[in-house]
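Reader: I should like each term to be justified against its definition. May we proceed one label at a time?

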Amino acid sequence: MIQITFPDGSIKAFEPPVTGEDVARSISEGLARNAVAMEVDGRLVDLYWTIDEDARVRLITVKDPEALKILRHSAAHVMAQAILRLYPDAKLTIGPVVEGGFYYDIDMEPLSEDDFPKIEAEIAKIVKEKIPIRRQEVSKQKAKEFYRDEPYKLEMIEDLPDGTISFYNQGEFTDLCRGPHLPHTGFVKAIKLMKVSGAYWRADQSKAQLQRVYGTAFFNKKELDEYLHFLEEAKRRNHRKIGEAQDLFSFHDEAPGMAFIHPKGMVVWNMLLDYWRVEHQAAGYVETKTPIILKRVLWERSGHWENYRENMYTTAVDDEEYAIKPMNCPGGMLLYRSRHHSYRELPIRAAEIGLVHRHELSGVLSGLFRVRAFHQDDAHLFMMPDQIQKEILDLLRLEERIYHTFGLGFHLELSTRPEKSIGTDEQWEQATEGLRSALEAYGQPYQVNEGDGAFYGPKIDFHIRDALGRTWQCGTIQLDMSLPERFDLTYVDRDNERRRPIMIHRTVYGSIERFMGILVEHFAGKFPLWMAPVQAVLLPINDELVGYAREINGVLSQAGLRTEVDDRSESLNKKIREAQLQNIPLMLTIGAKEKEAGTLAVRTLDGKVKYGVSREAFIEAVTDHVRQRKLELDLFE
RNA sequence: GCCACCGUAGCUCAGUUGGCAGAGCAGCUGAUUCGUAAUCAGCAGGUCCGCGGUUCGAAUCCGCGCGGUGGCUCCA
């Protein structure tokens, strides 16, 4: 008899060999039905794994977080099986689980989404058959024989360490796989193919182009529907649609990847920057501006000509080569060098809303999220080594303040020295330690990405989280050990020696264009009052009241509110409907009663109406709300 | 750049097997003067993304180009 210990500490004896299914069934039929795999002494294995000695066992059921990955991995196999049934000549490569689902890269004729129904029908058959999925272990030699006509699988086996190699079988389908997998294909009920795209074998453009088929799977239809609903909601909030509907910005064929910001979009833009300036002024920043077009020699000195030229637009003026800046830093270096600096001035915090151009590949452009021309809320901080920790800590707090104003959460990631890098071990040690100790002092948890830093220094990235729970990398803090060297930046220390300052590049919004796009989606087009392009629209009930509405509009404008009069000869219902669809936070209906009493009837976007508000009370409530940059539209609560 | 899909009025879209280019909304004009999510009527609006080809005939089929959407990082 062997003893099996469960997570709750209880122990049960079994006659070996025993499988996870036996163990589950000995507890309850329900558990046996819902168990998909198990953990034996900390190792995740199939439910049919046989245990023949004492072990600690945790059964994984459909409720456990690990189960979803197992399901999706099996789902990838089921999809591959269906595709092989329909396209017998297809050659399988890899089929991993990814965030939101799985994919399988297959060497086959090009697929389109029109092919999905028949593949899904075949998948449904496989699921209905509840085909047992079983593991099989063979020698490397036998594995190679089995795959003698499968070039990709052979290549993968070559890369595996010697020893036994595991396969998984389900009916006529066999795939090289580490596992674990579900007990049978019947669990893959809620599966949906999502999209298809080209991908290269080993992500190498010189290698074969494969069909990457994406799918997602859940344990039940309800969760799948919820996920599809989430995708619908994200689609509904798409900033490109909202941007057009609310007249914020546009794109034109004549300038692909470069946004035209409309008057209403410019209000949002200016509010973003007004706020940014308030915070940066308080944090001891100065603002600068550097040219957009600079001579080639500068880019050679900065290293961009060598390392970044593919992404740079160039031009010739008077027989001399120039480049349109893809980054602000080289210009910032010249600015720093324009005179001597004393240690007494440090730290210098020089911000710049810099317009940069980067020639991104046409296929990666995407609304405001990925453009070829954008404004960075850049800043270059110059300091002495012993000031690093405090500067970084202040920066972490500044970024936190700003993100919280928009109701955005975030998490932090620290990236350390990559293999290919410049600088000495001591420099890296000091720089990374500066970032790390600031993060420790800041006190929030952070993730470390070893070797993910830039070649010129370590960095901290901010990944903000929007209202739908999606994350976006916006802010970044990068320590740069290269440019101060290349541009021979110095300051005069108290001992009258010239020393090299430490330099940090950083952003908060990242790209203003992109941040605006993120906010459009985060707020679903319903900007908080302080950012709203139009804060209140006045709706005269009939044409006789238009004059009075204009009079009120003048008063509100004078008080600094952004208001408009809807003076069309349309019904009140229609004017309200359109104001609602434009997500204008406040609607002021102007009727005879309001004119007589000299008060306002205020409707908020949630449909609530408050009557009899005095002009003064309204102006005060709005200006107060705006001054505090509140997010909730709780004007009179 | 590569793969799949897409491009028809300002917007959203319809347009059978190739046979005279349509609707709703928006716009303009007129009527209506309305109390919290679409009043009615009329008018106007087109290089069917561009270029070339096939055809008696192309929005429709073919090729090239331009632009857009999704993907091209996740490694049994």
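Reader: Where is asparagine 496 found, and why is it called exposed?

Author: In this predicted model, asparagine 496 is found in the loop between β28 and β29; helices (H or I, at least four residues) and strands (E, at least two) are DSSP runs, numbered from the N terminus. Its relative accessible area is 63%. Buried means under 20%, exposed over 50%, and partly exposed in between, with a 1.4 Å probe and protein chains only. The value for asparagine 496 lies over the upper limit, so the residue counts as exposed.

Reader: What conventions stand behind such statements?

Author: Residues are numbered from 1 along each chain as its sequence is written, while chains are lettered from A and ligands numbered from 1 in the order written. Because the model is predicted, local features need pLDDT of at least 70 and side-chain atom pairs count only at pLDDT 80 or more, whereas totals for chains, interfaces and linings use all residues; side-chain values use heavy atoms, without hydrogens and water.

Reader: What makes the backbone of asparagine 496 notable, and which general tendency is relevant?

Author: Phi of asparagine 496 is near 70°, a positive value in a residue other than glycine. Most residues other than glycine have a negative phi. Aspartate 318 is also not a glycine and has a positive phi of about 50°. Aspartate 318 is found in the loop between β20 (313-317) and β21 (320-324), and its relative accessibility of 74% places it in the exposed class.

Reader: How do you know that there is a cis peptide bond at proline 17, and where does proline 17 lie?

Author: The bond joining proline 16 and proline 17 is cis, with omega about -5°. Proline 17 lies in the loop between β2 and β3 (18-19). A further cis peptide bond joins leucine 346 and proline 347, with omega about 0°; proline 347 has its place in the loop between α12 (329-337) and β22 (348-357). Most peptide bonds are trans.

Reader: Why is the contact between aspartate 488 and arginine 500 called a salt bridge?

Author: A salt bridge requires a side-chain nitrogen of Lys or Arg within 4 Å of a carboxyl oxygen of Asp or Glu. The N to O distance for aspartate 488 and arginine 500 is 2.8 Å, so the pair meets the criterion. This pair links distant parts of the chain, 12 residues apart: aspartate 488 is in the loop between α15 (483-486) and β28 (491-492), and arginine 500 in the loop between β29 (498-499) and β30 (502-511). Both partners are partly exposed, aspartate 488 at 42% and arginine 500 at 30%. Elsewhere, salt bridges that share partners join Arg85, Glu122, Lys125, Glu129 and Glu172 into one network.

Reader: How many salt bridges does the structure hold, and what makes aspartate 64 and arginine 58 qualify?

Author: The structure holds 45 salt bridges. For aspartate 64 and arginine 58 the closest N and O atoms are 3.9 Å apart, so this pair also satisfies the distance limit. Arginine 58 is partly exposed at 23% relative accessibility. Arginine 25 and glutamate 29 form another salt bridge, at 3.0 Å; arginine 25 has a relative accessible area of 41% and glutamate 29 one of 47%, and those values make both partly exposed.

Reader: How do you know that the length of α13 agrees with that of a helix, and which of its residues are buried?

Author: The expected span is 1.5 Å times one less than the number of residues. With its 18 residues (388-405), α13 should span 26 Å, and its end C-alpha atoms are 26 Å apart, so the two agree. Its buried residues include Ile388, Leu395, Ile402 and Tyr403. Just after α13, glycine 407 takes a positive phi of about 75°.

Reader: Why is proline 161 assigned to its accessibility class, and how far is it from lysine 140?

Author: Proline 161, in the loop between α6 (151-159) and β12 (164-170), has a relative accessibility of 62% and therefore counts as exposed. Its C-alpha atom is 8.8 Å from that of lysine 140, 21 residues away along the chain.

Reader: What is the overall composition of chain A?

Author: Chain A contains 20 helices and 35 strands. Of its 637 residues, 50% are buried.
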